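Please read the following report alongside the sequence and the structure. It moves from a strand pairing to a helix contact, and then to two individual residues and the chain as a whole.

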Amino acid sequence: MTWAKRIGGVVLDLVLLAVIAWVRWLKWIGISETESAGPSRAREVMDVPEWWWDWGTGGDFGLFGPDAGNWAANARTLVEGGVPDLNRLPVHGWATALFAQFTGDYVFGGHLMNHAALLGTGVFTYWLGRQTSGRGPALLAGVLVVTSPTLLLAAQLYGSDPILGCVVAALLACTVWAVRGPAPVVVLAGALAGVVMATHYLGLLFPLPCALAMLFHQGDWRRRVAGPVVFLVVGAAVFAWLMAPYPTFSMTQVFSVYSEGVLGSQQGGGSGMTTAVSFVGERFDGAPTAAFQYMLGAVHLTGVPWGLCIAGFWIGVLGLGLPPQDTHRKLSWDWRIGLFLFVLLIPLVFLEAARAPFRYRLYAFPLVFLLFARGLGSVLALADLGVRRFWKPWPAGWLALVACGVVAWVVQPTIAAFAPGPGTWEEGWYVRQVGEFVADNYGTDGPVVSRSQGMTFHSERTLCPSRRPQGSTSTLEAAKAVIVEQCRPTGILPYIIESGTSSGPQDGSMPVLDRWVEDNYEPVLEVDSSMRTATVYAVPAEAFSASP
């Protein structure tokens, strides 16, 4: 009978995971009938496998998102054995390269990886919830993850945010397994810690609380002490192995990234870690409240009233009546899980004080969803216990499972109202056409003057200017000097000017130089999209060192 129950439980878990996968992939991915005109045209101009349209959208053709072109270029650099960008850690690049092996395209490979990463986040959230809160809360949290409008939008953008959320969820689930399961699982958890650290600089914050959580193991004290040590050693070894292509990486780089992340958008904010810490300290008042509102806003967006959001969250932190195995034979209280999940939300306060971009907080969405689902599950666990007192054949945990499943289904129309539509294929084709024209006609060795990371990636050349000019570039001589210093052009320098986009010193562009190029050279290519126009010029290198 015990084996029959175990097999039945495994089958039920697989069914619930299949539900999460169905909701994620078949309900929210694919080309809808209303988009038929766009994809029909896209199929004509995109040289991609036909099966693409079963798994992606037209927007997956383009490099959309903060630093999207740089992320794609970093993946290609890792594969080609070049020196990668220190600001972009390797896990995203290697994962993108893996998917690109199947798709034949770094852009679509990166987008497909993001879609799969969001599905993986839902699966690992279910695994974490299954171990700590029962199947009902696990199912609700998993469905909320894969249908969250914010996370769906993040998955459409090209970058590391979805895979960071996926590996963080995997690490937390594996950490709980290591605390409660066989000793060798600690090695797997340590390997995942190394992967998390090599995914994003934010990931460096997570291994320590996970190691401290292993001290809660209720077995032999030697395992309680050895577990965190093995976890950290394995994590450090895996991290060092993944970071091998980055020979100049150091803790100085870590502090530099953190300080620049805090001060980069501040006018006259200074530089250095000390200044960054001072900046965060000055804005710390009110940050906990704002961070808390952001957290619960993720649940509130699903149509859940604010009062229920707050009550469910805090009851979930307490975790009353939630034994891990869905026995529900008596009341229980495991405060350690709620505390562990809550501690992992503390970085949100500092991110809020630092005025960090909202995407850095996305890792917390699965945790908030699970805590809310735990709160709902706690109430239902008490009701489940009452039912079992009057009718013993009632299967333990089914009230929470059915009720959480119903809630997950009921909130879907509200979620759908906020869900982002698929991106447009046109912009992706526009960027790709310009970049590939430059590569085909002027080669892939040397710089290209452009403000578009996507065009630069598709041209397989280096971006120029690569950094914001220092000082005034209002005169033609000063602007030319920037090109000579940063681009070091030889032969023909492809020069791309886009209309319909903002320009100015803040984004590295030099309008006076653009006007000079337009007045003195004929365009070699013009490409229009619904929002902007790109014009390519072929400018001799010596023209930048000659007098006007």
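## Strands, helices and two residues

Leu525 has Val536, a residue of strand E5, as its bridge partner. The model in which this pairing appears is a predicted one. Strand E4, which covers residues 523–528, and strand E5, which covers residues 533–540, run antiparallel and are joined by five bridges. Between E4 and E5 there are four residues, and the two strands form a hairpin. As a general point, the side chains of a regular strand alternate between the two faces of the sheet.

How do helices H16 and H19 pack, and at what angle? Helix H16 (residues 306–318) meets helix H19 (residues 365–390) at an angle of about 80°, and the axes of the two helices are 6 Å apart. Because angles of 65 to 115 degrees count as roughly perpendicular, H16 and H19 are described as roughly perpendicular to each other. On the side of H16, the contact is made by Leu308, Cys309, Gly312, Phe313, Ile315, Gly316, Val317 and Leu318, while H19 contributes Leu371, Phe372, Arg374, Gly375, Ser378 and Val379. Divided by character, the residues of this contact are nine nonpolar, four polar and one charged.

Two of the residues that make the H16 contact, Val317 and Leu318, also appear in the surroundings of Trp335. Trp335 touches Leu318 as well as Phe216, when residues up to four places away in sequence are not counted. Val317 and Trp335 are 18 residues apart in sequence, and their C-alpha atoms are 7.5 Å apart in space. Trp335 itself belongs to helix H17, which covers residues 335–343.

Is Gln131 buried or exposed? With a relative accessible area of 13%, Gln131 is buried, because buried means under 20%. A polar atom of the Gln131 side chain lies 2.9 Å from the backbone oxygen of Ala173. The table sets Gln131 beside Trp335, whose relative accessibility of 41% makes it partly exposed.

| Residue | Helix | Relative accessible area | Class |
|---|---|---|---|
| Gln131 | H6 (residues 106–132) | 13% | buried |
| Trp335 | H17 (residues 335–343) | 41% | partly exposed |

For the protein as a whole, the model contains 25 helices and five strands. Of its 548 residues, 52% count as buried. Among the contacts with a separation of 6 or more, 70% are accounted for by residues 24 or more positions apart.

Terms used. Residues are numbered from 1 along each chain as its sequence is written. Side-chain values use heavy atoms; hydrogens and water are left out. Buried means under 20% relative accessible area, exposed over 50%, partly exposed in between (1.4 Å probe, protein chains only). A polar contact is a pair of N or O atoms within 3.5 Å; within protein, one must be able to donate a hydrogen and the other to accept it, and residues adjacent in sequence count only if both atoms are side-chain atoms. Contact means heavy atoms within 4.5 Å. Axes are lines fitted to C-alpha atoms, for helices over the stretch in contact, and angles run from 0 to 180 degrees between N-to-C directions. Angles under 35 degrees count as roughly parallel, over 145 as roughly antiparallel, 65 to 115 as roughly perpendicular and the rest as oblique. Ala, Val, Leu, Ile, Met, Phe, Trp, Tyr, Cys and Pro count as nonpolar, Asp, Glu, Lys and Arg as charged, and the others, Gly among them, as polar. Two strands pair if DSSP finds at least two bridges between them.
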